[in-house]
Amino acid sequence: MLVRSLLTILAVVCCAGLAFAELPKAGATNPACKVQLANIEGMPFAPRFDISKEEVEKVASDSRKELDARLEEIVKIPAAKRTFDNTVKAFEAALSDFGDVTTLPIFMSYVSKDAAVRDAAAAFEEMASKYTVEIMTRRDLYNAINDFAQTKPQLTEEDQFLLDRIMLGFKRNGLMLSEADLAKYKELKQQLVATELKFEKNIRDWKDQLEVTKEELEGLPEDFVAGLATTTVGKFVVTLNYPDYFPMMDNAKNDDVRRRLESKFNNRCADTNVQLLEEGLQLRQQLAELLGYKNHAEYQLDDRMAKKPETVIEFLDRLHGKLLPKAKAELKDRLALRVKEAGIRTTEPMMGWQWRYWNNQYSKTVLDIDKEAMKQYFPLETVMNGMLAIYSEVFDVVMEKAKLPVWHEEVMPYVVKEKNGEVIGYLYIDLFPRDGKYKHQACFGLVGGRELPGGVYQKPACAIVGNFNRPAAGQPSLLTHDDVETMFHEFGHVTHNIFTKARYGMFSGTAVARDFVEVPSTILENWAWNKDVLKRISGHWKNPSEKLPDAMIDRLIKSRTFDSGLVNVRQIFLTKFDMACHTTDLKNTTITYGKLQQKIMLMPKSVGTHPQASFGHLMGGYDAGYYGYLWARAISADIFTEFEKNGVFDGTTGKKYRDLILAPGRTADQNVQVQAFLGRSFNEDALLRQFGLTADTK
Ligand SMILES: [Zn+2]
């Protein structure tokens, strides 16, 4: 469930200078246009995907040369002659054009049928990422932009925001430092990157397993047991990979087997990664101090909505305080079941190897959800058509299948239009796994919406790339409710891409503050839990008029909150650990982890374990950023209250949401956008209601 932006600085595609009325006719070419366009009449800016290995390589070489030349032009301008247009706007445009010409060739590495194209595109992506990072560490470019910034120009709010973001980007790369400090900064940064990569590689390479007897697998489904490898002495091999680990923790009746497995799982990489983590934290602290920040969290949050660590901590504490009674009540129920079924006294705490199992057992007593039966009502095509119809209504647009070039015959292309027929953008849906294709679910931005010279607006395009089950013999592809929710989630990223009206590529679509990216996606998940929506998007594959039965819907909706207390105090605990790592001088991560787990999650850490050694987020890009999950959910739940009030199909609310939240991209501070939509700052009350807290329990 993530959004892929192919280049971290910008990911947009450009076609310069065409007036709308002068769109190219089919087959026409336009030398001013950098993007790989299909040039189809009536489909302005629709891309083509027949990109060969040779073309990828040519773009890789030419695009870099062109960007180098344009950046040189900017650097050469004498200080006295600098203007916003020839310096700041020219810099943004040069980078946007580079994003424009490179995005589709790079996208090929994720979806092309041809392995040679994929390899060339992957090599190009690596080169392009390094190259764009280098740009933001160039002293001459920083000087050029800074010379202009120092003139204290009178700019529009939007242009000033652009200048501020670019300057902040340079600051975050150390360019405001003296040469000596910059050298130190680069050295520390290299050490940090090497430490992070080692930490992640250790997790990827870690191999361990538990060998168990048939009896010790009691409680596991037969097909799970049948899928396990066996040893020469007839034992069954359970690995620490998720598809083995979680079913075991959820279902294995034998308490000691779960204990042994959890111990191995939470000691992955303990011998190397505890030290690497603690070294990494020290390096981050030193880097932050060099740049003038109190700690790494302050450095990370400077470019985000939350802005200050204190804001995050207060948010977490409020949430925890309100959620705690529900978490405690849930724990009590699970402990009571443990006494009844296993005779373990309630004075014994719930341990790390027990809570998922007893939570799962408890769910069976109250929920009774038959996932297989439910799938029969969610044939993929019915769900997708239902979803597109709903959002056509909510956003007051037309989404229709279109004849457009695609990268694989299974891809379904759509054109999104205003009711008056004006094209808004393009959506491509690529749902089934195949060899060499990207393995997860994601939304890829393909063409960024952006104002071109002359004022023409470039039409955005994006793709949902998924890995849903292929149709089995005699039946269509059937989705679980999790799949349905994923589909709505990814479609939320689509709306962010498609409905953008941002003028600058740098602010377009999903190029927003990091802690806001998941707001549009998590908002749309709410539709997947609404009774009227579920009726509209379901239909038994044997008899499409037979909708998901009321009783199933009611049980499903109940399941959303039955363990929200324990699940979310765990999230809060992990987030607080992340913040503690990056706001305090932590000497011993093992002790802090244990203390926080006990205090916040109400369960002790298992003796001798080191779960932080395999907490990949901490060293893999979510450092001082794990809070973003709950933060974005709080905002999206709050925004969704407007739809709850006015109806989930209400076009007026949809239009307001489209105009105030989706259209601006990052044109202004995200807090301001949310405030404009809600008429106040967001708070966590709606999220708590979504977690099942009522006025009485809050
Ligand atoms: Zn996402």
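Two residues are in contact here if their C-beta atoms, placed from the backbone, lie within 7 Å. Keep in mind that this is a predicted model.

Q: Leaving aside neighbours within four places in sequence, which residues is methionine 387 in contact with?
A: Sequence neighbours up to four places away don't count here. With those set aside, the contacts of methionine 387 are Met487, Phe488, Phe491 and Ile537.

Q: Which helix gives the most to the largest nonpolar core?
A: That core has 167 residues, and Val56, Val383, Met387, Cys462 and Val569 touch the most other members. The top contributor is a helix spanning residues 84–111, which puts in 13 residues. That's helix H2.

Q: How many residues does domain 2 bring to its contact with domain 3?
A: Domain 2 covers 208–267, while domain 3 comes in two pieces, 271–367 and 562–626. Their centres, taken over C-alpha atoms, are 25 Å apart. Domain 3 puts 12 residues into the contact, and domain 2 puts in 11.

Q: Which helix gives the most to the side of domain 2 that touches domain 3?
A: Two elements give two or more residues to that side: helix H8 (242–251) and helix H9 (255–265). By type, the residues on that side split into five charged, four polar and two nonpolar. The biggest share, five residues, comes from H9.

Q: Why do the buried residues of H8 lie on the same side of the helix?
A: The buried ones are Asp244, Met248 and Met249. On the other side of H8 you'll find Tyr242 and Pro243, both exposed. The buried residues share a side because the arc they cover around the axis is only 115°.

Q: What covers the buried residues of H8?
A: Recall that the residues to be covered are Asp244, Met248 and Met249. Their cover includes a strand at 236–239 and a helix at 355–366, along with H9. By name, the cover includes strand E4, helix H13 and H9.

Q: In E4, what is the bridge partner of valine 212?
A: E4 belongs to an open sheet of three strands in the order E2-E4-E3, with antiparallel pairing. Strands E2 (209–212) and E3 (229–230) are the edges, each pairing on one side only. Four antiparallel bridges link E2 and E4, and the partner of valine 212 is phenylalanine 236.

Q: Is strand E7 largely enclosed or not, and why?
A: E7 runs over residues 423–430, eight in number. Seven of them are buried, so the rest of the structure leaves E7 largely enclosed.

Q: Which residue in the turn between E6 and E7 has a positive phi?
A: Strand E6 (residues 412–418) runs antiparallel to E7, joined by six bridges. Among the facing residues, proline 413 stands opposite tyrosine 428. The two strands make a hairpin with four residues between them, and the one with a positive phi, about 95°, is glycine 421.

Q: Which residue in E11 stands opposite leucine 427?
A: E7 also pairs with strand E11 (residues 461–465), this time parallel and over five bridges. In E11, the residue opposite leucine 427 is cysteine 462.

Q: Is glutamine 571 buried or exposed?
A: This residue sits in helix H20 (residues 564–583). Not counting residues up to four places away in sequence, glutamine 571 touches Tyr629 and Leu630. The cut-off for burial is 20 or more C-beta atoms within 10 Å. Glutamine 571 has 21 C-beta neighbours inside 10 Å, so it counts as buried.

Definitions and conventions
Residues numbered from 1 in each chain as written. Predicted model: local features only at pLDDT ≥ 70, side-chain atom pairs only at ≥ 80, totals over all residues. Core = buried A, V, L, I, M, F, W, Y, C linked by C-beta atoms within 7 Å. Buried ≥ 20, exposed ≤ 12 C-beta atoms within 10 Å, placed from the backbone. Domains from an automatic or database assignment. Nonpolar A, V, L, I, M, F, W, Y, C, P; charged D, E, K, R; others polar. Pairing = 2+ DSSP bridges. Arc of directions from axis to C-beta.
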